[in-house]
Amino acid sequence: MKLHKGEETEETYIHPTKEGMLIESWKIAEVLEHRFHGWDSRRYIIAMLIYRYLSQEMEQFTEGRAQLLCDESKYRTMDDEEAEALTEEASSSIGFFIPPSGLFCNVYRDAPIDGNLGKTLEWVFSDIEESSIGFANESVFRNQSSHLDLDGSGLDPIPKKRKKKLYCLMKEVSNVCSDAISDMASTFEFILDQYSRPMATGEGMFEVRLVPDLLILLVCRGRKDLQSFYDPYCGPGVLLSHARSRLASEGCLYGQSETITEYNLARSFMFLIHLDPTRFSLAYGDSLTSFDTFGGCTFDMIASILPKRKRWVGDDDLSLVKDRRFSPAGVLAPKSKADLAYVMHSVSCLSECGTAAFALSEGSLSRERSEKEIRRWLLDNNLVDAVIRIPTDGLQLYKMHRYVLVVRKGRSERTILFINASSQKRNKSFCFVMVGEISHIFNERKEVPNYSRLVDRSEVLANGCDLTPFLYVERSHPCGEEMGTSLSKALEEISTELASLAFSSSSLESLVRKLELAPLQPVGALAIVKMGKNAKANEFIDAPEGIDYVRISDLACRFSENTFVNHSALKVSPNAASTRIFERNTVLIPKNATSIKSGRRGILSKRSAVDGNLLCLVPRGELLEEYLLHSFGSWTRSVWLKRTDRKEILRLSDTLDAMIKVPSATIQKQVNETIGSLEKSERLMKKKSYLLRRLLVKRLEELIASTSDEPRVPISAVAEVLKIPGYKYNKFVRYSESGTCIALRGCNVKNGRLDLSSSQRLDDKILYEISCALLHKGDILFTFVGTPGHVAVVDSDDRYYLEPDVALIKVDKTKVLPEYLCYWYQNSPACRIDIASDVKPMGRRSIPFDRIRKFKVSLPPLGRQQEIVEELETGFIARITEVERAMSESHRRLEMVISKLTL
């Protein structure tokens with residue numbers, strides 16, 4: 001199946017799937033934006049696709065109605081006068097009429113000789129609008145093209161360039177297959193989804209299908225007969241389209257769009273999904289300031305994906321302070337954050353037993369000042385029904401909101417259901433299954449351990465009206481007694497295996513001396529070197545007789561257990577002309593520098609076709625393929641990557657000239673075994689360190705559980721959390737190698753200790769200017785930007801100064817030991833999950849600074865804290881330190897052997 005007309009080339013061929021069809025429709029945007037930089041083509045693309053859809057619908061309508069026309073010709077070839085007999089019937093049946101001369105195919109055919117293509121399109125769209133007057137779809141087509149500037153300077157100030165853009169647009173739209181046009185509702189929704197992806201500012205929306213489905217299920221509460229549904233910020237109407245399936249026979253959808261473009265798109269969307277015009281009502285304008293559009297109606301269900309960082313007029317408009325929608329709370333939402341303004345507006349629109357659900361940002365659930373007062377009003381009036389946190393994994397990269405607030409009138413229960421869906425490791429991804437699970441728990445108001453909890457309103461009020469779910473849903477670590485036993489057994493097995501891999505330093509030194517005496521030879525004389533070759537799209541097959549196709553992603557990374565290629569499911573035809581096939585035991589090395597740095601390499605385990613991004617080396621004579629893999633890999637990393645004259649792609653000539661050591665076959669085999677043993681030792685020690693840390697976490701949980709009667713208090717109750725003012729520090733800071741004091745940055749705080757390998761010394765002359773940054777023994781450092789969650793305790797006085805972007809926690813040593821609190825931050829599962837929950841997904845990774853003060857810690861007496869610290873340090877930290885030291889030594893030995901394989 002071809003999705004484009006014309007020749008079936010590698011670029012235009014796509015498998016005949018609906019996904020491929022939708023992707024092909026999106027390519028129009030990529031082509032036009034690349035061809036005309038700076039042109040906001042999105043509204044023109046969608047309008048032109050809809051125009052072609054309407055033309056196709058008109059032609060399909062005329063099929064079988066030739067008796068009304070003067071001859072048996074196709075509709076597109078007739079004169080406009082002959083087709084006028086169908087005007088009224090078409091307008092009443094399909095909602096519009098397009099004369100033959102106005103069909104997309106005819107306008108596009110005449111476009112090269114049309115002196116004013118923009119004016120022609122304006123006439124066509126105007127005729128479509130006029131044909132709907134007096135019929136059911138008049139409200140859909142009225143001023144439908146008002147957001148398009150087809151023949152003005154908005155498109156381009158130069159008429160010739162205006163025509164070129166429009167002609168290129170029509171050409172691309174004409175190439176889209178008719179199936180994509182026939183299923184225009186899916187195509188429309190897919191393109192809206194693509195356009196909602198974030199740009200450089202990090203803006204975006206939810207994944208188009210999942211969150212609207214969840215919101216609809218929450219407000220319906222199992223019902224399938226919506227009488228009235230309202231979206232106060234409907235945009236192009238995606239949420240309304242999802243609500244239509246639950247609309248009662250006499251029900252109606254209401255929505256309000258803030259821009260004329262979105263308003264027109266929403267009307268088009270309702271038409272494309274074949275919704276009767278009497279069953280929806282759309283308005284243009286800001287619902288926060290123009291509420292009377294629907295005559296003060298109330299609605300049974302309200303749902304909306306609220307805009308992030310939406311600014312509104314707020315208290316600049318004094319009339320809003322007395323507005324019946326906002327006055328009950330006594331305050332207005334901040335001008336820069338309108339989330340709760342929409343919530344207040346929607347509450348005033350709800351019927352007596354109505355339900356509303358909003359996808360919104362976390363800040364609106366936890367920020368102080370006016371937003372806190374609005375949340376207090378919602379709680380005092382028993383309106384908050386549930387708060388849900390959605391996992392971001394599985395949503396597309398443009399993650400934005402992660403929380404859903406459900407508000408309901410007429411509630412009798414005093415509890416609020418908190419669901420933390422991100423706490424379940426078995427369902428990391430937000431999928432349709434999870435949507436159903438959340439909806440079921442919500443409808444049944446079930447409490448599920450570590451997932452959902454019913455909380456009394458008084459507890460939320462006592463917690464500062466903070467509605468973030470992870471403050472109320474307890475999470476326990478999966479390490480139970482059975483897991484602790486299995487961890488200990490795994491540690492014993494690893495220790496036994498490591499003991500069998502141990503070898504003496506003298507044997508290693510002997511091997512190194514032998515390698516130093518081995519002669520250097522060029523790779524070109526030792527192996528046949530060829531490049532792989534990319535296969536064409538039409539050469540891939542699913543048949544069992546196909547040949548495996550190997551790409552860079554199929555190669556193993558360095559230190560993996562297997563050097564052989566992990567063959568993917570891709571197969572090519574045995575007769576494919578564009579492929580290059582290699583036999584078993586061929587060594588594969590990436591050509592690009594990035595993959596070489598990552599340590600990608602492999603050996604073919606069977607006959608395969610190889611991608612063009614890979615070098616293929618077939619060893620000759622007595623050269624072992626595994627030794628060639630290690631020695632040439634060593635040359636690429638230690639010689640080629642360090643050359644200043646190299647390009648990013650490893651050339652064939654460089655490979656042929658590469659010099660490697662070639663000892664006897666016996667020594668080659670010994671080298672392979674030694675490298676394999678050292679790599680395996682390093683893998684096992686990494687695993688051992690990981691298991692020890694898991695045991696430490698389990699033991700910490702047990703120790704904390706033994707003091708379960710002790711309270712969990714926020715950090716702010718036992719410590720002062722602050723950060724260094726950057727403006728003052730940066731004004732005076734100056735570095736000097738002769739300085740006596742060290743500046744600590746976020747990169748110096750790692751895994752519970754201070755790493756001074758990349759630290760800088762401060763000029764002694766400026767120390768008095770930055771005295772506010774001076775650290776003292778017992779201070780705790782916490783990284784909250786870049787790599788959030790690393791902690792360390794300062795071990796001496798008057799030696800370190802703290803740079804900005806690292807939180808400083810000064811503990812009250814009469815209540816908590818710094819070492820205990822550091823272990824809690826670093827190892828407590830509850831704390832680690834809180835940290836992971838708080839990391840902002842967009843831009844630079846960070847934790848809101850205010851959230852650090854709200855982390856809760858279990859606080860036993862000081863004597864018990866001291867016992868816990870001593871047990872952890874002697875029982876686990878010492879063992880972990882020993883393993884890490886041994887792992888560093890093993891890595892040093894491995895690098896020493898590998899470095900001797902080349903120059």
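Let's start inside this predicted model, at the second largest cavity, where the lining is made up of five nonpolar, four polar and five charged residues. The volume of this second largest cavity is about 130 Å³. It is lined by 14 residues, and those closest to its centre are Arg 601, Leu 629, Gly 633, Ser 634 and Arg 637.

Which elements build that wall? At least two lining residues each come from β15 (587-590) and α24 (625-640). Of these, the helix α24 is the main contributor to the second largest cavity, giving the most with six residues.

Now step back to the whole structure. Rolling a probe the size of a water molecule over the atoms reveals where empty space remains. A search of the entire model turns up three cavities of 30 Å³ or more, and the largest of them has a volume of about 280 Å³. Around this largest cavity sit 18 lining residues, with Ile 50, Leu 54, Gln 144, Ser 145 and Ser 268 the closest to its centre.

If you would like to trace the wall of the largest cavity on screen, look for α2 (42-62), α6 (117-131), α7 (138-141) and α13 (260-272), the elements that each give two or more residues to its lining. Helix α2 has the largest share there, with six residues.

What classes of residue line the largest cavity? Its lining holds 12 nonpolar, four polar and two charged residues. Set beside that, the second largest cavity has five nonpolar, four polar and five charged residues in its lining, which brings us back to where we began.

Terms used
Residues numbered from 1 in each chain as written. Predicted model: local features only at pLDDT ≥ 70, side-chain atom pairs only at ≥ 80, totals over all residues. Heavy atoms only, no water. 1 Å grid on protein atoms, 1.4 Å probe; cavity = no way out; pocket = protein on both sides within 12 Å on 5 of 7 lines; lining within 4 Å. Points joined across faces, edges and corners; volume = space filled by probe spheres on them. Helix = DSSP H or I, 4+ residues; strand = E, 2+ residues; numbered from the N terminus. Nonpolar A, V, L, I, M, F, W, Y, C, P; charged D, E, K, R; others polar.
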